Structure formats: structure tokens, C-alpha cells
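Subject: Structure handover

Hello,

Here is the structure I said I would pass on. Please look it over when you have time; my notes come after it.

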Amino acid sequence: MADTPKPEKTARINHIPPLMKGWMDTPVEIKPGIYCYGAKPKNTKAVGMPYPKEWNPTDDDWQLPENWKDIIDEGLRDRRDKYRSMKLFMDICVRCGACADKCHFFIGSGDPKNMPVLRAELFRSVYRKKFTLGGKIFGKFAGARDLDEDVLKEWWYYLYQCTECRRCSIFCPYGIDTAEVTILGRELTNLVGLNIDWIAGPVANCNRTGNHLGIQPHAYIDMLDFFVDEIEDITGLRMEPDINRKGAEILFVTPSGDVFADPGTFTAMGYLMLFHYLKSLGLDITWSTYASEGGNFGFFTSHEMAKRLNAKMYSEAERLGVKWILGGECGHMWRVINQYMDTFNGPPDFMEEPVSPITGTKFKNANATKLVHIVEFTADLMKHNKLKLDKSRNDHLKVTFHDSCNTARAMGFLEEPRYVLNNVCNNFYEMPPNTIREQTFCCGSGSGLNAGENMEVRMRGGLPRANAVKYVHEKFGVNMLSCICAIDRAVLPNSMDYWVPGVDVCGLHELVANALVFEGEKKRTLDLRAEYLPGMEDEEDV
Amino acid sequence: MSIKQQLIEKKDLIIKTWRSALLGSYPEATQRFLIREKDQFANPVGQSIHKNISGIYHALIEDEDFDTVSSNLEEIIKIRAVQDFIPSDALLFIFQLKSIIRSSLDFKSIGNSSVNELNSLDVRIDELALKAFDIYSMCRQKLYEIRVNEVQNQVGSLLKRANLTVEIPD
Ligand code: SF4
Ligand code: SF4
């Protein structure tokens, strides 16, 4: 705790802040509420990450390997030679500042080191010293510095305050993508054993059990059974999902969060209902208890780890002999698939070009990876009038849509979700233009930063998004924030709870299933959350 | 001219000074952004300070019940409660108002009643400070509540209890 303020302090009128004497002179202080706990050695060991150890980021001694500088040096060199993007991003920034105020963490925290340009500069300064003539000769005057333990700590602290959302990149005249700098920076910290447990745990679990939570196959099935019972209560119909069925045409893979945590569970119920609806129209699809994770926390440690985890869903597709894969509502899953999968593990030639069995639409865009996003699939069904929908069943909701960073910026997935929304609800209100689509604000907890111990930083990072929700909440009475990402569904409820109480969070397919009219269903009085549909409050639920 | 009259007359100057005092709690590079960017969605912190400081000041001089400005106070404090401020720094701005007002007043033109008037103004500001304390601690409590709820909501932990998951063993 700091000292109690003295009277002079409270009397200070024109508070002159300590001038930023140049960011290099402002040492880093690792603060609670901001940093995530260090990775447990059992988790790092389980996947062979280097230098497993019990460590606490607030300790002075980070137990670095003796030759840690050489390791980072080599790592940096290696990546510079391997990734042209890195060399480019290191060399061409003119420090124009166009990206500076575009990061949700800077906007919410006011900490200048969260300006993307400075975040990258933490890293670039070391690069400059090592690889540029100017940096070697002029040192600090050329914005260059040596790597020492304090610098490494500073790296670590700020690399884990970046959600790799890429918002900054769209404002940079050169297209410099600070997310990539963070990704490579995290790889380097991992090389010397500085991982966070919130990432390392899910990675270890996924590597062994097939999903981030370590859910075993029978538990996965138990959860699906539970949903089947719930859906029967609401619709009177019994869904019959196929699980681990060899020879199915399509494999369905979704983030495990959809199956095991509210409100994602309602989205999972939505998938089940949609698949059941389409069965008679020719959908031949199976779930898998082994490819039970669409997300990929490996992506938040290193490319290598992302590749390993990504391979698992493709081996399952091969084992089951499916023709293509349908993927659930997820964010970073799609970043990995869309941007990396083909180079990681492609081409998956054992599969075929994805074709919708219902509409005949060929998803040529997904030909390289054979993986189609469910929102695209559903939008196509709607476009071909294959679904009978009663929009009024969502009339109790005033809905807005949060573009997830990864689907919006990394995939250009902007119209499909809106098209689906407009087909299933009557009250859809957009947030202000500079907070949606390509310019969308991150939820504040992506890229493995949705731990509990860093709640302050999550709330800071979540402020710009929440602020836009607050606006539509107050102006139009919006009470539901829809999204197509499992991390969003996990973290936005908390952000809403703090910043905009009264707004719930849902996935798109929850709303689709609310509206879906089944042949032979009982009179629907409840939505998927077992709350009364509009006008049904007096109905007996029979 | 009574204190109240002066407070009304000089309100623009006082609000401006108060606002800069609050903005002064941020690093210089940040201040520039908070002041410059006028779009409320691009700059929620700066715009919230801009809007809410004057709301609070008006309630103070109009002798309004502070309940009416709860939301103004809350908007500012909610943000500061999650930023890099220790509690005393987070709420310092309320106390700074006393000296800001004093240095803006023209004491020569104030009659004898000024002492009482000034005292009751101080009491009002103290009242505001107490309210701010309540809001600040409510915000912090909310944060902890969210942390706890999050752990509980992770149905994963439910499954663990039911022995349905296997973690990597120690
Ligand atoms: S916008 Fe691009 S060039 Fe300008 S400071 Fe940011 S990263 Fe550098
Ligand atoms: S990628 Fe996102 S979180 Fe990272 S610096 Fe850019 S805007 Fe900030």
C-alpha cells in the first residue's frame, strides 16, 4: 500500500504528472490484477515446453536458465530469418502513431506502454540493437537497448496485455500487425520457460484429452445427453445426435466451452436442434468426443504448439472418414484455420470440397482446409429458404452483435452473421460504426487472457466494447449481446456485469434454434434458457 | 458577490481546472489523447471525464441531492477502480475540488457570511467524497464477486467434482 496522501497532495491544483521521461526510463512493475499466474510445471512438462518450473511473476528471481540471453538471441535470429513479416514489422515502423490510440488496452488503461507502437517498441528496441547498424552504434539515441532481465520482464508483462486482436493493424499505413509481434514475442518468452498457466493448462489438457478442460469422452456424451433432455422439455422432441460415427459425411467440431459452460451451452443446444431439423433433409453429421475442441490455445504459446493441436482434429476427420468438417461458433479457431492450417498441416487431401448436402452450395472458399464455419452454412440454408423460422419467438430480446476480432478481421466474416440475425429476430440494433465490423473492439480477454487473476486488465480491455453496448442499451433497450465466439460467450457476461448490467450474452445459434419451427413440436412456450417466450407467460408448460 | 454567485459565474473555469486536475493523474502521453479525441466510442475515458465532471459540479452548486449524480460519479469511479490507481489516488480528484474552488474565489468581494458558506461547501464536498468511497468499494467488491462467480460458473469445476474430468496428474 502506498502512503496516505499528504495535505499538499490533496491541495495540488495543477497536478503536473511526472513527465514521461522516455518510456525506456519507466521501469516495469508487475501488478496484481494485471498479470496471469505462471504455468505449473506439470502442464509445461506434459507437452515438452522448455524449462518447466514453479514460478511466480512477482518474485525477483524468475529462475531463468543460465544461458537465457543466448536462447532468446537465437530465437530472435531464427524467427527473423523464418518470417519475412517479422523482419518487415521490425524495420518499417516510422512511429507515426496512427495505431497508438486504437488498442482497447490503451484506451481502457491509459498506460502508454499499451499503445501498440510502444508495445512493439519494447521488442523492437532490442531487435534494433542486435540487428541494425544504427542501433549498434547509437544505442539509446536510436531507440535501441540491450536485453536484460528487466527488459525481459517488461516484455512479458506487456505481451500478456495484448489479446492479439489486430485492431491496431487496420489503422497502420503499412499494415504492421502488432498481434504478430506479440505472437512471436510470446514464443520467445516461452523458450525460456515463462508461460502462463491459463494457457499452459488448456494446452496440456487438449494435447492429452482432446479439449481444453480435460473432459473425457463419456463426460462429453453425458453433457450432450443432458442437452437432449433439456431440448425435449422445451420442444417435446428428442434429438438423436451421432457421436464418433465412422463414415458420416461431415464431422462437427466446436469449442468445448460451448458444451461445458453457460451461456455457450445454449448455443450447443442450438447446434443439436439445427442438425436434427436438417436430418430429414439429408444432413449426415457426427460429433466427436476426441476432436472435442475447436479452439486452439496452442496458438497463444507458439506456432509449433498450435500446429500440434490443430493436427488432432484433422486426424479425427481422417479416422472417421468424413468428407469435410463443419466448425462451431469460435473466434481464434478460425484464425488458426483460415490463416495457418494450410501451412501447418495441409492440404487435407483425404477430404473433399465441402458441399452443403441441403442446398448443394459449394464452399469453394473452404477448399484448402475443408472446414466450413457454421454461420456461413446456416446463412446459406436461410438464403435457400430451407428453414422455417418464427422470428417473433425472439421478440423478448433486443439484440446487438459483437464482431469477434478473429472472424471479423482475420476472416472478413461480416455479412453472414448479420444475415442470420436478421432472419431470426425482429429487433437487431447495430453498435456505432467505429466499434463494429473491421473496427470491432476486442472483448478484452482473448488470446488466453481470460484467467481470473487478471480481472482488472480484462475489465480495462473490455471497456471500449462495453461502452458501445451501453450506448445501444440506453438508446434502444438492447438486452442481448450476440456473438460467434466461445471466448466472447465466456467473458462478455462478466464485462457486462461490471460495465452494463442488464445485458446478457448469447451465441447466434441459440437465437436460430429459438426461432426454428419443427414439424410435430409441442407448442413452444419457453426459449432455450427455459424462460417464457413473449406472450406465453400465462401458459402452463406441459 | 456571494460564494454561490461566484461558483455559478466561474463555473466554466472551475470545471475546466477540475477536469485538468483529474486528467493530470494520467501519464502525459495519455492526457494528450484523453483531451484530443472527442469521439465517445474511441475515447470512453476522456469523454466520461468530460461529461461527468460538469454533471457533478452542477449538482454541487445547485444544491441538488447527490443521489442525482450517483451515475456521474459511478461512471468515473468505475473506470478508475480498475486502472493503475491506489484507492487514494483514484478518489483524489474529489478532494482537489476544495483547493480548486478556493483558488478561484475572489475573497475580497465576499461578505462576512463567507466563512459559513465556505464551511457548508466543504461539508457538501465531504459528502460527495463519502459517496465516492461507497461507490469505489462497491466497484471493487463487484470485481471480486465477478472473479468468484466466474470460477463457480465454470461448469468444468462441477465436472471435476463429479470426477468426470482427468487433469494432468501432479
Ligand atoms: S501505425 Fe504503423 S508505422 Fe505508425 S507507429 Fe503504428 S505500427 Fe508504426
Ligand atoms: S493486437 Fe490488439 S491488443 Fe494487441 S496491441 Fe494491437 S490493438 Fe492492442
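The notes below cover the chain interface, the two domains of chain A, the surroundings of ligand 2, and some backbone details.

Please keep in mind that this is a predicted model.

Interface between chains A and B

Contact between the two chains involves 67 residues of chain A and 53 residues of chain B. About 5100 Å² is buried between chain A and chain B, and carbon and sulfur atoms account for 58% of that area. Between these chains there are 7 salt bridges. One of them joins A:Lys470 to B:Glu75, with the closest N and O atoms 3.0 Å apart. Polar contacts between chain A and chain B come to 14 residue pairs, counting those with both residues at pLDDT 80 or more.

Several helices of chain A take part in the side that touches chain B. At least two residues each come from H1 (7-11), H2 (41-46), H5 (104-109), H10 (197-209), H11 (217-235), H19 (455-476) and H20 (486-499). H19(A) gives the largest share of that side, with 11 residues. By class, the residues of chain A that touch chain B are 34 nonpolar, 18 polar and 15 charged.

Domains of chain A

The domain assignment splits chain A into domain 1, residues 12-30 + 50-194, and domain 2, residues 203-515. Their C-alpha centres are 32 Å apart. Domain 1 of chain A brings 24 residues to the contact, and domain 2 of chain A brings 27 residues.

The two domains of chain A bury about 2100 Å² between them, with 58% of it on carbon and sulfur atoms. On the domain 1 side, A:His104, A:Arg166 and A:Arg167 lose the most area to domain 2, and together they make up 25% of what that side buries. The count of salt bridges between domain 1 and domain 2 of chain A is 0. There are, however, 10 residue pairs in polar contact between these domains, both residues being at pLDDT 80 or more.

Helices H5 and H9 of chain A each give at least two residues to the side of domain 1 that touches domain 2. The largest share of that side comes from H9(A), with 7 residues. Sorted by class, the same side of domain 1 has 11 nonpolar, 6 polar and 7 charged residues.

Ligand 2

The residues surrounding ligand 2 are A:Cys103, A:His104, A:Pro116, A:Arg119, A:Cys162, A:Thr163, A:Glu164, A:Cys165, A:Arg166, A:Cys168, A:Thr178 and A:Ala179. Helices H6 (116-131) and H9 (178-191) of chain A each supply at least two residues of this shell. The shell divides into 6 nonpolar, 3 polar and 3 charged residues.

Two residues of the shell, A:His104 and A:Arg166, also appear among the domain 1 residues that lose the most area to domain 2 of chain A.

Backbone details

A:Arg166 has a positive phi of about 75 degrees, although this residue is not a glycine. A:Arg166 sits in the loop between H8 (149-159) and H9 of chain A.

Chain A also has cis peptide bonds to check. The bond from A:Asp262 to A:Pro263 is cis, with omega near 0 degrees. A:Pro263 is in the loop between H12 (256-260) and H13 (264-279) of chain A. The bond from A:Gly346 to A:Pro347 is cis as well, with omega near -10 degrees. A:Pro347 belongs to the loop between helix H15 (332-345) and strand E4 (371-373) of chain A.

Regards

Terms used. Residues are numbered from 1 along each chain as its sequence is written. Chains are lettered from A and ligands numbered from 1 in the order in which they are written. This is a predicted model: local features need pLDDT of at least 70, side-chain atom pairs count only at pLDDT 80 or more; totals for chains, interfaces and linings use all residues. Side-chain values use heavy atoms; hydrogens and water are left out. Contact means heavy atoms within 4.5 Å. Buried area is the accessible area (1.4 Å probe) that two parts lose on being put together, summed over both. A salt bridge is a side-chain nitrogen of Lys or Arg within 4 Å of a carboxyl oxygen of Asp or Glu. A polar contact is a pair of N or O atoms within 3.5 Å; within protein, one must be able to donate a hydrogen and the other to accept it, and residues adjacent in sequence count only if both atoms are side-chain atoms. Helices (H or I, at least four residues) and strands (E, at least two) are DSSP runs, numbered from the N terminus. Ala, Val, Leu, Ile, Met, Phe, Trp, Tyr, Cys and Pro count as nonpolar, Asp, Glu, Lys and Arg as charged, and the others, Gly among them, as polar. A residue is near a molecule or strand if one of its heavy atoms lies within 4 Å of it. Domain bounds come from an automatic or database domain assignment.
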